[in-house]
Amino acid sequence: MAAQARPELEFFCFRVGELRFGVPSENVLEVLRAGLLTPLPRTPSFILGVTGHRGQVLPVVDLLRFLSKGEARIGPRTRIFVGVSGSYVSGVVADTVLGLRRIPVSEILPPPLGGDQAAEHLLGVVQGSGPADGINLLNFSKLLQTARQRAVVR
Amino acid sequence: MSGNDLLDEPAPGLDADAERALGEVDVLFFQIGDSEYGTDASSVLRIDRALPDDLTVRDLGLPHKGHRAIVFDTPEGEGHLKVDAVNGVRTIPLSGLRRMPVAAAAASYAVGVCLDEEAGRPVLLIDLAETLKTQGRH
């Protein structure tokens, strides 16, 4: 009997701070070196500034601040991935890029119930061999939408 | 005549220099603390010595010394912004300027950025008159 194909989803996975995240690969355009950011006056704290890339100006988001999980540190090895959802394009800080991973849908667990605001922006979680190896799968479209709403209503 | 012919020909009454000027803007670059900013040079009246009451916009950073002031025109009169240095005026093609992304939700006086290769990073463009409104001064 032929083995049945297990449905999978592809995620761009990265680490920032102590946390591992995955973003649906269709939401990620490319990865850049962090380079020099231009800070902006009176932006929400989770927007670190803007960077120029291919003639475009990208706001750069600190995911840890956005999710109230600390704050990212920009160093020489820091990367920014260019994320897109509809007409919104944004850079997001990543300490380490883990790469593209195909994750069987059956391994994706629902986000923790009654979780914090980080949980609100998760599609689900994938457990790893240890507690630090799990991956939080982000609902990137919702995340960008919330970021924009928070920025506008201030 | 094709559409491209229309774009290639100078508009009636404009010489080549005037036509080129339409696609460029003079940007005055200045320094506050460690940050460089730019502004439309046509809004600047002069560079002066700073006076104690001159404007400091905290969100743009505090000047190290602030011995100079950019004097600019507003509907209510002159405005004076303390700066550390004026780095000069450069003519920038409009193609090198970008509006501030709405998603960045920056202050209203941060109107855009200049993708200036010399600076190595985008330079924030400031509407000087708008800085006064946000500070409630003129």
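## Close-up views of a predicted model

**Figure 1. The largest nonpolar core has 70 residues.** Within this core, Val60(A), Leu63(A) and Val93(A) are the residues with the most contacts. Please keep in mind for this and every later view that the model is predicted. Let us pick out Leu63(A): once its neighbours within four places in sequence are set aside, this residue is in contact with Val16(A), Phe21(A), Val92(A) and Val93(A). As general background, nonpolar side chains tend to be buried together in soluble globular proteins.

**Figure 2. Chain A as a whole is built from three helices and 10 strands.** Starting at the N terminus, the elements follow the order β-β-β-β-β-α-β-β-β-α-β-β-α. The C-alpha trace of chain A spans about 60 × 35 × 30 Å along its principal axes. Its radius of gyration is 16 Å, which agrees with the value near 15 Å that a compact globule of 154 residues would have. How much of chain A counts as buried? The share is 36% of the 154 residues. As for contacts in chain A between residues at least 6 apart in sequence, 54% of them join residues at least 24 apart.

**Figure 3. One open sheet of chain A has five strands in the order E8-E1-E2-E10-E9.** The pairing in this sheet is mixed. Strand E8 (96-104) and strand E9 (122-126) of chain A stand at the edges; each has a single partner strand, so one side of each lacks a neighbour in the sheet. On average, neighbouring strands here are turned by 30° against each other, direction ignored.

**Figure 4. A closer look at strands E1 and E2 of chain A shows an antiparallel pair.** Strand E1 covers residues 8-16 and strand E2 covers residues 19-24, and six bridges link the two. Which residue of E2(A) is the bridge partner of Cys13(A)? That partner is Gly22(A).

**Figure 5. Another open sheet of five strands runs E3-E6-E7-E5-E4 in chain A.** Here, too, the pairing is mixed. Strand E3 (28-33) and strand E4 (47-53) of chain A are the edge strands, and each pairs on one side only. From one strand to the next, the twist averages 30°.

**Figure 6. Strands E4(A) and E5(A) form a hairpin with two residues between the strands.** The two strands run antiparallel and are joined by six bridges, with E5 made up of residues 56-61. Two bridge pairs are worth finding in this view: Val50(A) has Pro59(A) as its partner in E5(A), and His53(A) has Gln56(A). Arg54(A), in this same hairpin, takes a positive phi near 50°. Is E4(A) largely enclosed or open? Six of its seven residues are buried, so the strand is largely enclosed by the rest of the structure. That holds although E4(A) is an edge strand that pairs on one side only in its sheet.

**Figure 7. Chain B touches chain A through 16 residues of its own.** On the other side of this contact are 20 residues of chain A. What kinds of residue does the side of chain B that touches chain A hold? There are 12 nonpolar residues, one polar and three charged.

Conventions: Residues numbered from 1 in each chain as written. Chains lettered and ligands numbered in written order. Predicted model: local features only at pLDDT ≥ 70, side-chain atom pairs only at ≥ 80, totals over all residues. Pairing = 2+ DSSP bridges. Helix = DSSP H or I, 4+ residues; strand = E, 2+ residues; numbered from the N terminus. Axes fitted to C-alpha atoms, helices over the stretch in contact; angles between N-to-C directions. Contact = placed C-beta atoms within 7 Å. Nonpolar A, V, L, I, M, F, W, Y, C, P; charged D, E, K, R; others polar. Rg over C-alpha atoms; globule rule 2.2 N^0.38 Å. Buried ≥ 20, exposed ≤ 12 C-beta atoms within 10 Å, placed from the backbone. Core = buried A, V, L, I, M, F, W, Y, C linked by C-beta atoms within 7 Å.
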